[in-house]
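Visitor: Hi, I have a structure open and would like some help reading it.
Guide: Fine, let's put it up and start with a pair of side chains.

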Amino acid sequence: MAHKVTLIPGDGIGPEITESAVRVIEAAGVDIEWDRQLAGIPAVQEYGKSVPEQLLDSIRSNKVALKAPLTTLVGKGFRSANVTLRKKLNLYANLRPVKSIGGVPSRYDKVDLIIVRENTEDLYAGIENVISPGVTEAIKVVTETASYNIARFAFEYARKNGRKKITLAHKANILKISDGLFLDSFEKVAREYPDIEAEDKIVDALCMKLVMDPTQFDVLLLGNMFGDIVSDLAAGLVGGLGVVPSANLGSEYALFEAVHGSAPDIAGKNIANPTALIFSSLLMLRHLGEEQAADKIWKSIVVTLAIGKKLTRDLGGTASTTEFTDELIKEISSRT
Ligand code: NAI
């Protein structure tokens, strides 16, 4: 039976890399009935809202969505569609696997990190005020419930996926109450998982250690803001944003997306690298129980990148999005 998945082609390079991901999934023999929906700027143009009700209804009904990047709307009255989706669907965990891939130029070749980022609160709760002219504040929200939920998510993930160690990064030496609560909740949850090593690091020291030797870490757990920053740093260790996937997960719904943005500078030119969205599709296929197809696509990408005949420009090649996709599909088909 076909899986039903909500598909958000996004804007900028979104539609080009979405077509590539859809073709690759089809080539691997997975039957998906796509329910295409608008979000962000195209949705505002069509419905006057960046996250229309029919999009939310579609995800609530299908439970799973694959999303291409959305250009963030600028100006008052528009909240980021990405943040709105995460909030409305309570996608409280952002999972970003960061893994070295042969053939992708990078600083390290043995990185295998899982980054778990709290996705709903912290400074991204969006509470900002002008106190008086020239004086502003942004409020960092940390709740015990969200801190417990994300810590439990990280330990459960580690246990199910054979991971050995979780490192929590925080700034509790300065933010004694808010990050103090995040750390305290982590330590309480850790006691229920004696089979997983738990440690904590001040986030600035963690950044230094990550850059010097990323192989000393296994699972990293961070709040929303530090998670945003550190996961991009980690992407830089394995070749950049063009090759890193992510999953936004809650207890009911799952939304898979690339880490990078809509790249307006190269949109419509058929030169974007679709790899990150294809990797995000692999996380989705595993979530749907399509392990064999996911393995086949993973091996085919690794071979296609290692042979390096048809690489996109960001990876030092000259191939178009379509040419790279055709080459990858040839490799997938040779394994069928
Ligand atoms: P960006 O990630 O779109 O682009 C940064 C640089 O990387 C650009 O030079 C771009 O050409 C390049 N790049 C990104 N993805 C690429 C790909 N797949 N292949 C080849 N090159 C690629 O970041 P930027 O310019 O800061 O953001 C553009 C828009 O995207 C903004 O409105 C931003 O808010 C939004 N954005 C949306 C995200 C999402 O929907 N999840 C995530 C990040 C940014």
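**Salt bridges and domains**

Guide: In this predicted model, the side chains of Arg-86 and Glu-257 form a salt bridge, with 3.1 Å from N to O.
Visitor: Which parts of the chain does that pair tie together?
Guide: Arg-86 lies in helix H4 and Glu-257 in strand E12 (residues 254-258), so the bridge ties together parts that are 171 residues apart in sequence.
Visitor: Is Arg-86 buried or exposed?
Guide: Arg-86 is buried, because its relative accessible area is 15% and the cut-off for buried is under 20%. Glu-257 is also buried, at 7%.
Visitor: Which residues share a salt-bridge network?
Guide: Lys-67, Arg-86 and Glu-257 are joined into one network by salt bridges that share partners.
Visitor: How many salt bridges are there by this rule?
Guide: The count is 23. One of them joins Asp-326 and Arg-23, with the closest N and O atoms 2.7 Å apart. Asp-326 sits in helix H11 (residues 321-334) and Arg-23 in helix H1 (residues 14-27), so that pair ties together parts 303 residues apart in sequence.
Visitor: New topic. What domains is the chain divided into?
Guide: Domain 1 covers 1-91 + 241-336, and domain 2 covers 107-237. Their centres are 25 Å apart, taken over C-alpha atoms.
Visitor: How much area is buried between them?
Guide: About 700 Å², with carbon and sulfur atoms giving 52%. In domain 1, Arg-86, Lys-87 and Leu-241 lose the most area to domain 2.
Visitor: And how many salt bridges cross that interface?
Guide: Zero, by the rule. There are three residue pairs in polar contact between the two domains.

Note on methods. Residues numbered from 1 in each chain as written. Predicted model: local features only at pLDDT ≥ 70, side-chain atom pairs only at ≥ 80, totals over all residues. Heavy atoms only, no water. Domains from an automatic or database assignment. Buried area = accessible area lost by both parts, 1.4 Å probe. Salt bridge = Lys/Arg side-chain N within 4 Å of Asp/Glu carboxyl O. Polar contact = N/O pair within 3.5 Å; in protein donor to acceptor, adjacent residues only side chain to side chain. Helix = DSSP H or I, 4+ residues; strand = E, 2+ residues; numbered from the N terminus. Buried < 20%, exposed > 50% of the residue type's maximum accessible area, 1.4 Å probe, protein only.
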